[in-house]
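Here's a quick briefing to read alongside the model. Have the viewer open and follow along.

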Amino acid sequence: MATTETPASAERTDYPAHYRELTGLLRETAILSSAGATLGWDQETMMPPAAAALRAEQLAALSGLAHERRTSPRMAELLERSEADVDLAADPVVAANLREIRRTYDLATRLPTSLVREFAETSSRAMEAWKDARERSDFAAFAPWLEKVVELSRAKAEHYGAGRGGDLYDALLDEYEPGMSGAEVERIFDALRPGLAALIGAIAESEVQPDPRLATVRVPRDAQEVLNRAILEHIGFDFRGGRLDVSTHPFCESPGPGDTRLTTRYREEGFLDALVSTLHEAGHGMYEQGLPKAELFGQPIAEAVSLGIHESQSRMWENMVGRSRPFWEWALPMAKDAFGSALAGTEVDEVFAFLNAVRPGPTRVEADEATYNLHIMLRFDLERAMLRGDLAVRDVPAAWNERMRQDLGVEVVDDRSGVLQDIHWSMGAIGYFPTYTLGNLYAAQFWETVREELPDLDEQFARGEFAGLLGWLREKVHRHGGRFRAPELCERITGRPLSPEPLLRYLETKLKPLYGI
Ligand code: ZN
């Protein structure tokens, strides 16, 4: 493997005119998209409800303009000339950039306009149908829409995969996780499942069970916000180029260089939920802030590698840091200061046990670190089977409920808390789910490596020092932007391909002592 360590941001000034025009066009496109991203953020945080129709038109206009530029004949011409330029090909950073520009160009142009339109219309109506069906817990009402989405996804995959042959699923997964295949995901998931099931089974039988008391502690929202901000500042989220606001569903939006916005949500009886959720979004946000966007905005080389790598950053700060004992040795006294008497008598061990409770349940977004991945594996298997035509849409709820029983020992009482709980399929996002568990896997594998390279991380966290970890992530992951695909990045950082073992080891090391196993 190449050992050259040129950062993606080491920009040359002597590029030929066709390459400079190409990157200039990409920047113009990104400026349009960034305006859309800012409006999208506003929609979720500030916008008055009556502005919804105007906002939809604004966003459609901007994305239309961006799409026009992204797929223009001039773009194709410049890309071809750059690809044929042997001097450019000899530069590894430029070569990686061109590889990804080609990929996004192909993704944007391979689909016939009629299919793009039908997909957009169908998914927007399917989302409405899904909301309604979920409300009434009525899968049959959503089924015709899901059938349509699967059919259109199949057509999309055929266009993407045209000439490449292979698994239709790979073409869809590739949109979110370039370089990964369904077969590879299956291999890793199959190796992970038995170890997880054994661990979860042993925990269920343990006589030690965490005290749920902290779920009832009430803390005013203002005090929670003060603590969340203080912690973000401490771990290295840059507020000069970022914000923290409130929205119904927490998210991170980074329109461009110097602008990374996080949201969270506060409930009075849920200060720990809010905090770990804020840490999750901050992990996404600090990745965005560490990408080489200042110099290379608009070029794929300045963007995140994949959703799985993005998620590895959020899960690391949420779980490996935010659910660790050393973190709470530092953060609990801070929380006590911010919250007055609400946490009187609370010990680090109680917070640690509470945040790491393992309780199989029907809902993915409420799942703990151990059971979460079983929720993802189930979705991955079912969506792949639907796409292949091995599972009819009408049989999905029964298959879902059976897997929940087998894998998690959970009885699903209705479709609302079962097959209808997630928005993804209605949006047409088939191939998205595995990126969540890939994120956990990458996070755990990076975590093992960083702990070997920085053996005193626990002591650093206990003192409230996070610059060591953030600096390591900047150096190993962030500054490279999209130069390496996820599997290659993983090998470069950890010396090994992605494997299920680090995640299992991490979970066992943390959970077994907690549950006296
Ligand atoms: Zn995330």
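Are α1 and α5 parallel, perpendicular or oblique to each other? Keep in mind that this is a predicted model. The two helices pack at an angle of about 50°, and angles between 35 and 65 degrees fall outside both the roughly parallel and the roughly perpendicular classes, so α1 and α5 come out as oblique to each other.

**How the two helices pack**
- Helix α1 covers residues 17-45 and helix α5 covers residues 92-109, with 13 Å between their axes.
- As for handedness, α1 and α5 make a left-handed crossing.
- On the α1 side, the contact uses Tyr19, Leu22 and Leu26.
- On the α5 side, you'll find Val94, Asn97, Leu98 and Ile101.
- Sorted by type, the residues of this contact are six nonpolar and one polar, with no charged ones.

**The zinc site**
- Three residues supply the protein donors of the zinc ion: His280 and His284, each through NE2, and Glu311 through OE.
- These donors sit 2.1 to 2.3 Å from the zinc ion.
- Along the sequence, the donor residues follow the spacing H-x3-H-x26-E.
- His284 belongs to helix α11 (residues 271-290) and Glu311 to helix α13 (residues 307-321), so this pair ties together parts that are 27 residues apart in sequence.

**Burial of the donors**
- His284 has a relative accessible area of 11%, so it counts as buried.
- Glu311 is buried as well, with a relative accessibility of 8%.

Technical notes
Residues are numbered from 1 along each chain as its sequence is written. This is a predicted model: local features need pLDDT of at least 70, side-chain atom pairs count only at pLDDT 80 or more; totals for chains, interfaces and linings use all residues. Side-chain values use heavy atoms; hydrogens and water are left out. Donors are N, O and S atoms within 2.8 Å of the metal (3.2 Å for Na, K and Ca); water is not among the atoms, so sites may look incomplete. Helices (H or I, at least four residues) and strands (E, at least two) are DSSP runs, numbered from the N terminus. Buried means under 20% relative accessible area, exposed over 50%, partly exposed in between (1.4 Å probe, protein chains only). Axes are lines fitted to C-alpha atoms, for helices over the stretch in contact, and angles run from 0 to 180 degrees between N-to-C directions. Angles under 35 degrees count as roughly parallel, over 145 as roughly antiparallel, 65 to 115 as roughly perpendicular and the rest as oblique. A crossing is left-handed if the near helix is turned anticlockwise from the far one by less than a right angle, and right-handed if clockwise. Contact means heavy atoms within 4.5 Å. Ala, Val, Leu, Ile, Met, Phe, Trp, Tyr, Cys and Pro count as nonpolar, Asp, Glu, Lys and Arg as charged, and the others, Gly among them, as polar.
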